[in-house]
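Reader: I'm new to reading protein structures, and I'd love a close look at one single part. Could you pick one strand and walk me through its surroundings?

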Amino acid sequence: MSESRKHITEYLKKGLRLDGRKLDEFREVSVEYGVSKNAEGSARVKIGGTEVIAGVKLNIGTPYSDRPDEGTLMVGVELYPLASPEFEAGPPSIDSIELARVVDRGIREAGAIDNKALCIEKGEKIWIVSVDICPINDEGNLFDAAGLAAIAAIMDAKFPKVEKDGTVNYKERTKTPLPIKKRPIPITVWRIGNDLIVDPINEEEKSTDARLTIASLSDGVICALQKGGDATLTVEDVDKMTDLAIAKAKDLRSKLGGKSK
Amino acid sequence: MSYTKRVDGRKSFTELRPITAKAGVIARADGSAYFKIGNTAAYAAVYGPRELHPRNKQIPTRGLLRCDYVMMPFSGMGDRVRPGPNRRAKEISMVTQKALDPVLDLQDYPNAVVDVFICLPETDAGSRCAGICAASIALADAGVPMKDLICAVSTGQVGDKVVVDLDYAEEAYSDGPVSDIPVAMIPSTGELTLLQMDGEISKKDLMEALKLVKESMNEIYEVQKNALKDKYPAGGDDDE
């Protein structure tokens with residue numbers, strides 16, 4: 001067992017974290033909208049020292065042949081080496097792919113966006129919604145920061161003007177928001193020994209046995225799951241983790257401010 | 001037709017867009033900065049000096065500066081910028097490295113690398129210059145030995161006027177010739193460390209542009225120095 005892990009575990013026994021928080025306590029969370037003017041929607045999320053920016057681009061494209069009347073959604077995460085000495089330049093790491101896919105699933109599988117409302121002309125023209133998430137500083141819990149930033153950027157987005165000839169005028173933006181039906185919030189619960197924590201700092205992430213990301217909606221319905229880490233989870237663990245995640249999702253949802261419903 | 005009034009309403013042809021700068025914005029990095037001019041914003045993070053991999057790239061007599069410029073996928077108007085290496089970003093990374101290297105003294109760091117990562121969340125022309133300005137503050141914030149900062153801004157011609165700090169609307173001006181000349185300078189000596197151009201300009205106007213842009217550099221220099229003074233109010237006596 002590493003020194004760091006020993007230290008963390010001793011604290012957890014006393015019901016405390018390295019930085020003095022309780023086990024189920026988040027650091028301060030803030031959401032700021034409209035942080036990048038050329039994006040159709042954007043948001044900055046800070047959780048303690050962790051900071052991410054998410055942006056939405058809206059482009060017109062052709063639909064998939066098996067879904068001719070549906071727009072498409074794509075979520076990407078760029079783990080730039082800017083944000084942490086542990087991120088390396090080069091092709092996307094498995095960490096960034098997992099992160100992007102977990103956030104993507106949370107939004108896609110919840111049916112957060114009405115894909116049919118993104119259809120402009122059946123079989124010909126649809127809106128493609130691209131959400132890109134870029135961490136600026138990683139001090140732990142990128143999963144939840146990325147998930148919150150993605151939904152915030154989607155809520156901030158407005159369609160650009162489409163001219164009569166069908167071309168998009170990106171200089172002019174309409175007041176029409178994306179057809180959002182639901183607002184999923186992912187919360188990751190981390191198991192260290194027998195203790196469950198949320199919102200880990202870097203040292204805690206490294207000492208984790210297993211984690212479970214649970215995306216949930218305002219009515220408590222679960223819309224995506226992802227287990228990570230090398231250790232196992234019991235069904236009892238999942239029971240407790242889910243309760244914790246749904247409770248915390250409510251707190252984070254309130255940070256979305258007036259735009260949230 | 002004469003270019004009489006700047007598209008974004010600036011009062012003179014040498015007026016810069018509003019600038020903000022801050023040192024120490026990325027806690028995980030050894031040094032960092034944010035630099036925004038108009039609607040072009042850049043983050044820069046410095047990591048190192050640290051061991052250079054692969055080892056065959058190591059220089060036994062000094063440290064190496066490595067720069068990486070990247071636009072966030074949503075940072076430009078219209079189409080999404082596809083992530084991953086592209087020719088434009090690679091070239092800008094290279095000229096950024098050459099713009100910054102002349103003021104660095106890495107002799108005490110053999111076999112090491114100083115990595116500079118520049119990311120732009122929002123762009124409206126002048127992005128390489130904004131990146132260089134941010135990187136220069138970040139290098140100072142990291143405590144890398146430097147002779148001076150580096151200041152950078154674009155100059156050029158719009159219609160019949162020589163201008164400083166073109167925005168995207170000016171680069172796209174269609175009623176006359178346009179040239180865009182990104183310049184980086186060592187402010188204490190006036191030497192150029194970056195000079196590129198596209199478009200067309202007469203030699204006379206080029207020399208005029210280079211003269212005008214030198215004055216703008218002082219304004220940028222002050223903003224950069226103030227960003228560092230805000231973080232280190234002791235004025236350089238602070239060892240950390």
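Author: Gladly; here is a walk around one strand of chain A. This is a predicted model, where local features need pLDDT of at least 70 and side-chain atom pairs count only at pLDDT 80 or more, while totals for chains, interfaces and linings use all residues. Residues are numbered from 1 along each chain as its sequence is written, and chains are lettered from A in the order in which they are written.

Our strand is β9(A), residues 185-192; strands here are DSSP runs (E) of at least two residues, numbered from the N terminus. Because 8 of the 8 residues of β9(A) are buried, the strand is largely enclosed by the rest of the structure. Buried means that 20 or more other C-beta atoms, placed from the backbone, lie within 10 Å of a residue's own.

In a regular strand the side chains alternate between the two faces of the sheet. Here both faces are covered: I185(A), I187(A), V189(A) and R191(A) lie on one side, with P186(A), T188(A), W190(A) and I192(A) on the other.

Now for the partners. Two strands pair if DSSP finds at least two bridges between them. β9(A) runs antiparallel to β11(A), residues 210-216, and 7 bridges join them; within that pairing, T188(A) has T213(A) as its bridge partner. β10(A), residues 195-198, is also antiparallel to β9(A), with 4 bridges, and there W190(A) is partnered by I197(A). The hairpin of β9(A) and β10(A) has 2 residues between the strands, and G193(A) takes a positive phi near 60 degrees.

Terms used
A residue is buried if 20 or more other C-beta atoms lie within 10 Å of its own, exposed if 12 or fewer, and partly exposed in between; C-beta atoms are placed from the backbone.
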